[in-house]
Amino acid sequence: MLTLITGATGKTGSRIIDRLTAADRPVRAVSRTTGFDWEDRSTWPAALAGVDAAYIAYYPDLALPGAADTVGAFAHAAAAAGVSRLVLLSGRGEPEAQRAEREVVAAGVDTTIVRCSWFAQNFSETFMGDGLQDGELALPADDTPEPFVDAEDIADVAFAALTQDGHAGELYELTGPRALRIEEAVAEIAAASGKALTFKRITPEAYSEALPPELAEFVVFLFTELLDGRNAEPQDGVRRALGRAPRDFGEFARRAAAAGAWA
Ligand SMILES: NC(=O)c1ccc[n+]([C@@H]2O[C@H](COP(=O)([O-])OP(=O)(O)OC[C@H]3O[C@@H](n4cnc5c(N)ncnc54)[C@H](OP(=O)(O)O)[C@@H]3O)[C@@H](O)[C@H]2O)c1
């Protein structure tokens, strides 16, 4: 059973690879560094050759225009190449991401959708972590709570869906067990790391100034339109998939702090 992991160096892909490797399962890890590019379909056949199961983690985001067509085409290419199992990483409350889910299912392969809330690791391994390195996280976010999901839980569910029977056709909404405002999340990270970290609310205009234009528009959309409360309610996807509770944000903060994420 050869498993293909896209986004192999990313927050979820790398953790799924750790699990496959620990279980002695053959894995093909791909991203642009190995010559696989979502925007260059000529790179797909080599990635898919001989693969039994594939994890689809599109980048930058399924909510962006064109993403649904790309992942749909990839799922059809996977089906044509003989892949028998797909796991799609998706986002909650995003009409374009939900269209991408339908496109992937339409390829006719056994598919599991992991539809995730915002990752806790956005605070430690990506743009929100950069702000925390400087002691202040300045974002155009209001008081809307989000049930941040731990990427370790996403990896556990994806690993199960890629390697075990019983997950085909399932849609797992993966969240943490409680919703936190960004200010509260930063306070928990401050407590766990022992650092003086604060959150500051800024306007979308001020936030955009520090970002490249193509990224600014999308990130502001995430904070001002998507983070509007539609996804605030925690869901039971981790328990349905794995029979256990999801990891709490506090556990993530303590683990990441111990690993030096905000040192
Ligand atoms: N972050 C969240 O809170 C969240 C929540 C819900 C859903 N999602 C979904 O998760 C996906 C992205 O996750 P992420 O933002 O957390 O990123 P990530 O998986 O942490 O990192 C991106 C990965 O994609 C690879 N990559 C970047 N551009 C690529 C390209 N053109 N072709 C092939 N591979 C490429 C990168 O490696 P290289 O640089 O080596 O190419 C890296 O491995 C999106 O589909 C998004 O909708 C994210």
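In which helix is the place of L132? The place of L132 is in helix α5, and the legends below describe this residue and its setting in a predicted model.

**Figure 1. Overall view of the predicted protein chain.** The chain is built from 11 helices and eight strands. Its C-alpha trace spans about 50 × 40 × 30 Å along the principal axes. The radius of gyration is 18 Å, which agrees with the value near 18 Å for a compact globule of 263 residues. Among contacts between residues at least 6 apart in sequence, 78% join residues at least 24 apart.

**Figure 2. Surface and charges of the protein chain.** About 11,300 Å² is exposed, and carbon and sulfur atoms supply 50% of this area. Of the 263 residues, 52% count as buried. The chain carries 24 positive and 40 negative charges, and the mean positions of these two sets are 4 Å apart.

**Figure 3. The largest nonpolar core.** This core holds 34 residues, of which F123, L139, F148, I182, F223, F249 and W262 touch the most other members. Two or more residues each come from α5 (127-133), β6 (136-139), α7 (182-193), α9 (213-226) and α11 (249-258). Helix α9 gives the most, with six residues. In soluble globular proteins, nonpolar side chains tend to be buried together.

**Figure 4. Surroundings of F249.** Residues up to four places away in sequence are not counted in this view. Beyond them, F249 touches A120, F123, F148, R178, L180, A185, E188 and I189. Two of these partners, F123 and F148, are listed with F249 among the residues of the largest core that touch the most other members.

**Figure 5. A second nonpolar core.** Separate from the core of 34 residues, this second core has 28 residues. Its members include L4, Y58, A67 and V104.

**Figure 6. Close-up of L132 in helix α5.** The relative accessible area of L132 is 0%, so this residue counts as buried, the cut-off being under 20%. With neighbours within four places in sequence left aside, L132 is in contact with F123, L137, V186, I189, K195, L197 and W262. Among these, F123 and W262 belong to the residues of the largest core that touch the most other members. I189, another partner of L132, is also touched by F249.

**Figure 7. Separation of L132 and Y207.** These two residues lie 75 residues apart along the chain, and their C-alpha atoms are separated by 15 Å.

Key:
Residues numbered from 1 in each chain as written. Predicted model: local features only at pLDDT ≥ 70, side-chain atom pairs only at ≥ 80, totals over all residues. Heavy atoms only, no water. Core = buried A, V, L, I, M, F, W, Y, C linked by side-chain atoms within 4.5 Å. Buried < 20%, exposed > 50% of the residue type's maximum accessible area, 1.4 Å probe, protein only. Helix = DSSP H or I, 4+ residues; strand = E, 2+ residues; numbered from the N terminus. Contact = heavy atoms within 4.5 Å. Rg over C-alpha atoms; globule rule 2.2 N^0.38 Å. Areas by Shrake-Rupley, 256 points an atom, 1.4 Å probe, with all protein chains shown as cover. Lys, Arg positive; Asp, Glu negative; His and termini not counted. Charge placed at Lys NZ, Arg CZ, Asp CG, Glu CD.
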